[in-house]
Amino acid sequence: MSNNKKNVLSAIQPTGDIHLGNYLGAVKNWVRLQEMYNCTYGVVDYHAMTMPYKAKNLRENTWKMIFQLLACGVKAENLFIQSMIPEHAELCWILGNVCSYGELSRMTQFKDKTSQLKDTDKDAFISSGLFYYPVMQAADILIYHADFVPVGKDQEQHLELSRNIAQRFNHQFGKEYFTHPEPLYTESAKIMSLANPEKKMSKSLGEKHYVNIFGDEARIRKQVKSAVTDTGDSNGEMSTGVANLFALLKATGREAAHASLSIDFTEGNLKYSDLKHELAEGLVAMCQPIKERYTEINNNKKEYKNQIKQSSAEIRKVAAQTLREVKELTGIMNAK
Ligand code: TRP
C-alpha cells in the first residue's frame, strides 16, 4: 500500500450464492473500484457465526463465495478470508473497550435480527456474538486504515459506529491513529424482489424472489417472465414492479432498449412482454461470461484456493502491523 491511492475496504458474508441484487448492488461496484483505489475485500466467516448455521456448510460457503467473487472480476490479490487473519478478532476485543454497551444496544440490525429469530421461535437463542457483531465490523475496517467503505444504506449505522470507535480510541490513547472511514454509497438502484417488488431482493425471502446469476438461463428467463408488474390501478404512474424492471434493464447496460421502452411507457403503449424480453436477454448476456469464469475456477479449485491463502497471508501483514501499533498505544504486551 505504498502508493498514493486511498484505501477501500468492504466485506461480504458467505451466504451461499451471490444473487443479482448482491451483484448489481455491491460486487459490480467492488470490481470497478479496483481501478481507482487500494482495495481489500473480505469474506467474513466470523460474522456468519452470529446467526444459526451449520458448521459443515460454513467452510464450503466461504470458498463458494470466494470463487464467485473471483468469477465476477474481484482480483485474487485483493481478497482475504477473515478467519485467516486472526488479528481481526484480536482487534475486535480491544475495540470493544472503547465502544459502549449503550451504543451497541441502539444498533437497528441487532434489533431486526433478534426479532427475526424470535418470530421463528419465541425462545430463540440470541448470541452475544450477534450483539458484538458491529465491533468486529469496526475491526475489519479500521485494521486496514480504510478511507472508504462501499456499503449499502443498511450499513450506515454500523459505519457511523466504526467512526465513533476510531474517534474514541484516538482520543483515549492520545494519537490520531485510526483513519475515520467514510461510506461510499453505490449509485446503482436498490434491486427489489421480482416476485414482491416491495421487498429488497434477498435470499432469505425464498427461491422465487432472487435471481441466481450462476443459475441456468432457462430459470432466469422464467423468473423475468413471471415478474410482478402492476398490482392494481396505478393512475399512469409507474408501479414499483415495473420501475424495478426498468432499473434492472439499465443495470444490464441496455441503454438503447431502456430509452425506447421508457418512451413507450410515457406514451402509454408499453408492452410488458417487450420490457421483459429485453430484460431477460440483457441478464442472460450479462451472466454468460461470469458463469464461464466460474466453471473455469471450479475446474481448478486447488490453484485458486492457494492464491487466496497467499493473498490472505499478504494482507495479514498489514493487519499485524496495525495490531502491533495498537498494542503499543494501549499498553498491551507485544510478543515481539
Ligand atoms: N455487516 C456487513 C453486511 O452484512 C458485512 C461486513 C462485515 C462488512 N464487515 C464489514 C461490510 C466491513 C463492510 C465493511 O453487509
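In the predicted model, glutamate 217 forms a salt bridge with arginine 221, with 2.9 Å between the closest N and O atoms. Both residues belong to helix H9 and are separated by 4 residues, about one turn of the helix. Glutamate 217 is partly exposed, because its relative accessible area of 35% falls between the limits of 20% and 50%. Arginine 221 is likewise partly exposed, at 29% relative accessibility. The pair is also part of a network of salt bridges that links Glu217, Arg221 and Glu281.

A search of the whole structure gives 11 salt bridges. Another of these involves helix H9: arginine 219 pairs with glutamate 207, and their closest N and O atoms are 3.3 Å apart. This contact links distant parts of the chain, since arginine 219 lies in helix H9 and glutamate 207 in the loop between strand S5 (182–185) and H9, 12 residues apart. Arginine 219 counts as partly exposed at 24% relative accessibility, whereas glutamate 207 counts as exposed at 54%.

A further salt bridge is formed by lysine 317 and glutamate 314, with the closest N and O atoms 2.9 Å apart. Both residues are in helix H13 (residues 301–330), 3 residues apart, about one turn of the helix. Lysine 317 is exposed, because its relative accessibility of 53% is over the 50% limit. Glutamate 314, with a relative accessible area of 48%, is partly exposed.

The structure also contains 2 cavities of 30 Å³ or more. The largest cavity has a volume of about 40 Å³. Its lining consists of Met107, Gln109, Phe110, Lys113, Leu130, Tyr133, Pro134 and His158. Helix H6 (108–120) and helix H7 (128–142) each contribute at least two residues to this lining. By class, the lining of the largest cavity comprises 5 nonpolar, 2 polar and 1 charged residues.

The second largest cavity holds about 30 Å³ of space. The elements that give two or more residues to the lining of this second cavity are helix H9 (217–225) and helix H12 (272–299). H12 gives the most, with 4 residues. The lining residues are Gly215, Glu217, Ile220, Val284, Cys287, Gln288 and Lys291. They divide into 3 nonpolar, 2 polar and 2 charged. Glu217 thus appears both in the lining of the second largest cavity and in the salt-bridge network with Arg221 and Glu281.

Notes:
Residues numbered from 1 in each chain as written. Predicted model: local features only at pLDDT ≥ 70, side-chain atom pairs only at ≥ 80, totals over all residues. Heavy atoms only, no water. 1 Å grid on protein atoms, 1.4 Å probe; cavity = no way out; pocket = protein on both sides within 12 Å on 5 of 7 lines; lining within 4 Å. Points joined across faces, edges and corners; volume = space filled by probe spheres on them. Nonpolar A, V, L, I, M, F, W, Y, C, P; charged D, E, K, R; others polar. Salt bridge = Lys/Arg side-chain N within 4 Å of Asp/Glu carboxyl O. Buried < 20%, exposed > 50% of the residue type's maximum accessible area, 1.4 Å probe, protein only.
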